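Colleague: Please take a single part of this model and go through it closely. I would like the packing described partner by partner, with the residues named.

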Amino acid sequence: MKNIQLLGLLLVIVGSFLPLVHVPVIGNWNYWKLDHYLAIACWIFSACAVFGIVNNSVRIVRFFGILLILLFGFTLVAVKMQSLQYFSFLPFKSWQETFAGIVKLKWGWAVEFLGAFLMVIAGGNKKVNNRTQI
């Protein structure tokens with residue numbers, strides 16, 4: 001199960017460099033172009049997960065996998081809210097929503113979430129031999 005956790009971690013790290021958001025005229029943005037602080041938090045959580053993987057601590061890996069999922073969810077909400085805020089100069093709410101809709105999420109989010117989910121679900125099927133000796 002350690003290999004699956006490492007694969008999930010690799011997907012999270014590689015996913016931070018994949019296109020996550022497409023802004024017309026400007027192009028595709030990855031995690032580093034979205035926000036440096038969120039990208040640094042992603043890498044710190046990943047480094048802590050490496051610590052858990054190396055020490056065979058499933059609880060640590062799951063904890064930081066869940067933190068990564070929450071960070072990705074927060075980033076998605078922040079991107080949508082920021083795109084609405086960016087077009088706040090428009091006089092009508094419908095125009096703001098229409099122009100904010102041109103900012104599209106890309107396929108990199110699937111890689112990010114897949115990696116975090118692999119980190120969370122891997123390593124849970126350890127069978128313990130509960131034989132009693134007399």
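Modeller: The part I will take is helix α6, starting from its packing with α1: the two helices are roughly antiparallel to each other, because their axes cross at roughly 155° and angles over 145 degrees count as such. The model is a predicted one. Helix α1 covers residues 2-15 and α6 covers residues 108-121, and their axes come within 7 Å. The crossing of this pair is left-handed. On the α1 side, the contact is made by I4, Q5, L7, G8, L9, L11, V12 and G15. On the α6 side, the residues are V111, E112, L114, G115, A116, L118 and M119. Sorted by class, the residues of this contact are 10 nonpolar, four polar and one charged.

The other partner to consider is α4, residues 58-86. Its axis and that of α6 also come within 7 Å, with a crossing angle of roughly 155°. That angle makes α4 roughly antiparallel to α6, and this crossing, too, is left-handed. From α4, the contact takes in V61, R62, G65, I66, L68, I69, F72, G73, T75 and L76. From α6, it takes in W109, E112, F113, A116, F117, M119, V120 and I121. The class count here is 13 nonpolar, three polar and two charged residues. E112, A116 and M119 of α6 are listed in the contact with α1 and in the contact with α4.

Ahead of α6 in the chain is strand β3, residues 104-105, an edge strand that pairs on one side only. The open sheet to which β3 belongs has three strands in the order β2-β1-β3, with antiparallel pairing. β3 pairs with β1, residues 21-23, over two bridges in the antiparallel sense. L105 in β3 is the bridge partner of V21. The other edge strand is β2, residues 27-29.

Finally, the record. The unreviewed UniProt entry lists "transmembrane region" for residues 7-25, 37-54, 66-87 and 107-124. Two of these spans can be set against the model. Residues 7-25 are 47% helix and 16% strand, with end C-alpha atoms 34 Å apart. Residues 37-54 are 100% helix and 0% strand, and their end C-alpha atoms lie 26 Å apart.

Definitions and conventions: Residues are numbered from 1 along each chain as its sequence is written. This is a predicted model: local features need pLDDT of at least 70, side-chain atom pairs count only at pLDDT 80 or more; totals for chains, interfaces and linings use all residues. Side-chain values use heavy atoms; hydrogens and water are left out. Axes are lines fitted to C-alpha atoms, for helices over the stretch in contact, and angles run from 0 to 180 degrees between N-to-C directions. Helices (H or I, at least four residues) and strands (E, at least two) are DSSP runs, numbered from the N terminus. Angles under 35 degrees count as roughly parallel, over 145 as roughly antiparallel, 65 to 115 as roughly perpendicular and the rest as oblique. A crossing is left-handed if the near helix is turned anticlockwise from the far one by less than a right angle, and right-handed if clockwise. Contact means heavy atoms within 4.5 Å. Ala, Val, Leu, Ile, Met, Phe, Trp, Tyr, Cys and Pro count as nonpolar, Asp, Glu, Lys and Arg as charged, and the others, Gly among them, as polar. UniProt positions are given in the numbering used here, feature names are shortened, and annotations may be inferred rather than shown by experiment. Two strands pair if DSSP finds at least two bridges between them.
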